[in-house]
Amino acid sequence: MNAKGQDARRYRIGVDIGGTFTDLVMFDTEARMLVNEKVPTTPDDPSRGVLNGIGLLLQKSGVHARDVDAVIHGTTLVANALIERKGVRTALVTTDGFRDVLQIGREWRYDIYDIGLQPVDSLIERSARFEVRERVGPEGEAITPLDERQMEALAQQLAAGDYEAVAVCFLHSYRFPAHEQRAKAILEKHLPHTTVCISSEVMPELGEYERSATAVCNAYVQPLFRKYIAGLIDGMRAMGIERELFLMQSDGGTVHYSTAMQYPIRLVQSGPAGGVQATALIGRLAGADNVLCFDMGGTTAKACLIEGGEPAVTTDFEVARQARFKKGSGIPLKVPAVDMIEVGSGGGSIARINQMGLIQVGPDSSSAVPGPACYGLGGKDGTVTDADLVLGYLDAKAFLGGDMALDEPAARQALAANIGQRLGLDEVEAAFGIHETVNETMAQAASIHALEKGRKAADYAMVPIGGAGPVHACHVALKLGIRRVVCPLGAGVASAFGFLASPMSFQFVRAEITPLAQLDAGRVRALVDELEAQGRAMFEASGMGSVKVLVKVNAAMRYVGQGFEVLVPLDDHRLARGMDSRLERAFEAAYQQLYGRTERGAPVEIVSWRVVVMSETPDITPAAVATLDDRGSALKGRRPVYSVLSRRFVDTPVYDRYRLGIDTDLQGPAIVEERESTVVVPEGARVTVDRYRNLIVDLPLQAGQ
């Protein structure tokens, strides 16, 4: 037993399920060491891969299961069920006359030029949508009471209909939830084994279509999610892990599994949110609070702006888009999520010639099987990974640490057949065309994303994560005018690492349209205190009642007559005097930042209040990384690598990432290899290694900058 006591040496494990691999990161809270592991994902039962990975991680590290303090998990189960339409048979109960809200939607055309446009498919067919007599006005007044006899008859009808879940969404229930609550009680009486979700509990927001869609999605996936979590917990208990399971939410906070099972829809973006949380921590450790997270995996690339160490959170989010990159083509979800944007393709994205005779990359992917042509599994299409191999950025013999050999001749043949011969290019020119197309697309999208928020991407440092992120990061950064790229060790498992760096939190929402001129400070205090009490009760029920609780209050505000809101922080809701003027100044500053102007004299209103109840952020600052090997020379050799600056192959040194010591100083061009990824350093760049083993790449100015 050490001086701190028998229980001082504890371990926290983060687990992220991907399409091909399940990533795990374990943090030793006493030695402050990190250990990574990857195991194949088991699609038939994802919990099996999770348990296999945890067992392997504990075995290799010599750690007892009883010493695991927490397991924090992120999963694609919810998103995949919605994308693939593989949820349970679900019914919708709504106000008389509003049966077709899901079908009508916003009445937007997400592509005004596509005469063959397909509307967004509802998860529930019309025959499974039912109406009952009840009506509530926009101020929360009950106009027509709930017809309980009709509700009883409908419950009996649903009981005979073999439904596994029922969603209830009544008009204006965010102001008056009593009708939904009574309907839920009646349904649960007649359908004791059926999931019942009501919109006033799932997300009490304005917007009948969005609220209905969110409640339906929650009901649609909840039985599957509950079954999965129950099996995972049973497996952990059998393994000897006695502590609780926590789940990563889309907004970057974690919750106890019991809360996650109530609101699985809040986990739809859990993996990417973990990556953003990791990026925020990595940026802070490197002395950069304002960073651009660049997450490039096998299928897509995403970007997120982080300011002051905190990512922005939005409640306007879509899932299962029918047309990639086209807003409005998916199912809208009113859930808090990290504000990320999909900016491009991933390593497995297929390159082809489009109708205009130009190189197009994606949106379809070769996936893991058959994969890129260089995988040697039967794939014939040229992909981004094939192009990176031909350009010398990847080593055919060192991919995945040498566990997987790549077939370079197959990559060259695929690029020549699908791109080169049609454009009169050799395979190297075709590869560079693909690489340049991908980088330019991502740079343009990231730049527009920043401009839409009133920011310039060049003012940020970039932190690349994902298996393909470090390969493309420096070249994308050069296009954006970004001067510094911070490349973390283990970028390929960054999401799992981010789970460990996330606080426990939950966002509560109360929709209540109030003109700012009529703001009642006492009403605000009572509302916030009520939601804070709910949050503290949630912590207590999760066995976290002793932790320090922090509260953040935001108001969603807009000018009267507008349809979109701006999120405005309230510094202290208990200070009654001047609350309205403080909110007005904060709103004008936020509006000015976004739109470059304000509407002087125009009346302002508050649409909803958002209260986040959270713990302090866990301190997982690593002292070292257990997988490092400082013995021997870091220089592995040299190989020809294509330079995007000089447009030719350059003899380039190749370094072993695990043998680069702290304060190492290198000059580009260089290739730095690790098991999860490869960092491509361009000519003229300088590379240093900080005390957390991050590679700090300072890029040269290009002509005209």
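**View 1. Strand 4 pairs with strand 1 and with strand 11 in this predicted model.** Strand 1 (residues 11–17) and strand 4 run parallel, joined by six bridges. Arg 12 stands opposite Ala 70 of strand 4. Strand 4 spans residues 68–74. Three bridges link strand 4 to strand 11 (residues 245–248), and this pairing is parallel too. Here Ile 72 faces its partner Phe 246 in strand 11. Strand 4 is mostly covered, with six of its seven residues buried.

**View 2. The largest nonpolar core holds 148 residues.** Leu 82, Leu 158, Leu 583 and Trp 609 have the most contacts inside this core. Helix 7 (residues 208–239) gives the most to the core, with 14 residues. Apart from this core lies another, of 72 residues. Its members include Ile 419, Ala 431, Met 462 and Val 654. As a general rule, nonpolar side chains in soluble globular proteins tend to be buried together.

**View 3. Leu 583 has contacts with residues beyond its sequence neighbours.** Neighbours within four places in sequence are left aside here. Leu 516 and Leu 519 are among the residues in contact with Leu 583. So are Ala 555 and Met 557. The list also includes Val 568, Pro 569 and Leu 570. Ile 606 and Trp 609 complete the set. Trp 609, like Leu 583, is named among the residues with the most contacts inside the largest core.

**View 4. Tyr 263 and Phe 506 form a tilted aromatic pair.** A search of the whole structure finds ten aromatic pairs. In the pair shown, the ring centres lie 5.4 Å apart and the planes meet at 45°. Tyr 263 sits in the loop between helix 8 (257–262) and helix 9 (270–285), while Phe 506 belongs to strand 25 (residues 505–515). The pair therefore ties together parts that are 243 residues apart in sequence. Tyr 263 counts as buried because its relative accessibility is 14%, under the 20% cut-off. Phe 506 is buried as well, with a relative accessible area of 4%. Arg 266 lies over the face of Phe 506, at 4.0 Å from the ring centre.

**View 5. Phe 432 and Tyr 642 form another aromatic pair.** Their ring centres are 5.1 Å apart and their planes stand at 45°, so the pair is tilted. Phe 432 lies in helix 12 (residues 427–452) and Tyr 642 in strand 30 (residues 635–643). The two rings thus tie together parts 210 residues apart in sequence. Both Phe 432 and Tyr 642 are buried.

**View 6. Strand 30 lies at one edge of an open sheet of four strands.** The strand order is 30-31-33-34, and the pairing is mixed. Strand 30 and strand 34 (678–681) are the edge strands, each pairing on one side only. Neighbouring strands of the sheet are turned by 25° against each other on average, direction ignored. Strand 30 and strand 31 (residues 648–656) pair in the antiparallel sense over eight bridges. Pro 640 has Asp 651, in strand 31, as its bridge partner.

**View 7. Four aromatic residues form one cluster.** Its members are Tyr 559, Phe 587, Tyr 591 and Tyr 595.

**View 8. The charged end of Arg 89 sits over the ring of Tyr 163.** It lies 4.2 Å from the ring centre.

Definitions and conventions:
Residues numbered from 1 in each chain as written. Predicted model: local features only at pLDDT ≥ 70, side-chain atom pairs only at ≥ 80, totals over all residues. Heavy atoms only, no water. Core = buried A, V, L, I, M, F, W, Y, C linked by side-chain atoms within 4.5 Å. Buried < 20%, exposed > 50% of the residue type's maximum accessible area, 1.4 Å probe, protein only. Helix = DSSP H or I, 4+ residues; strand = E, 2+ residues; numbered from the N terminus. Contact = heavy atoms within 4.5 Å. Phe/Tyr/Trp six-rings, centres within 6.5 Å; stacked < 30°, edge-to-face > 60°. Lys NZ or Arg CZ within 6 Å of the ring centre and 35° of its normal. Pairing = 2+ DSSP bridges. Axes fitted to C-alpha atoms, helices over the stretch in contact; angles between N-to-C directions.
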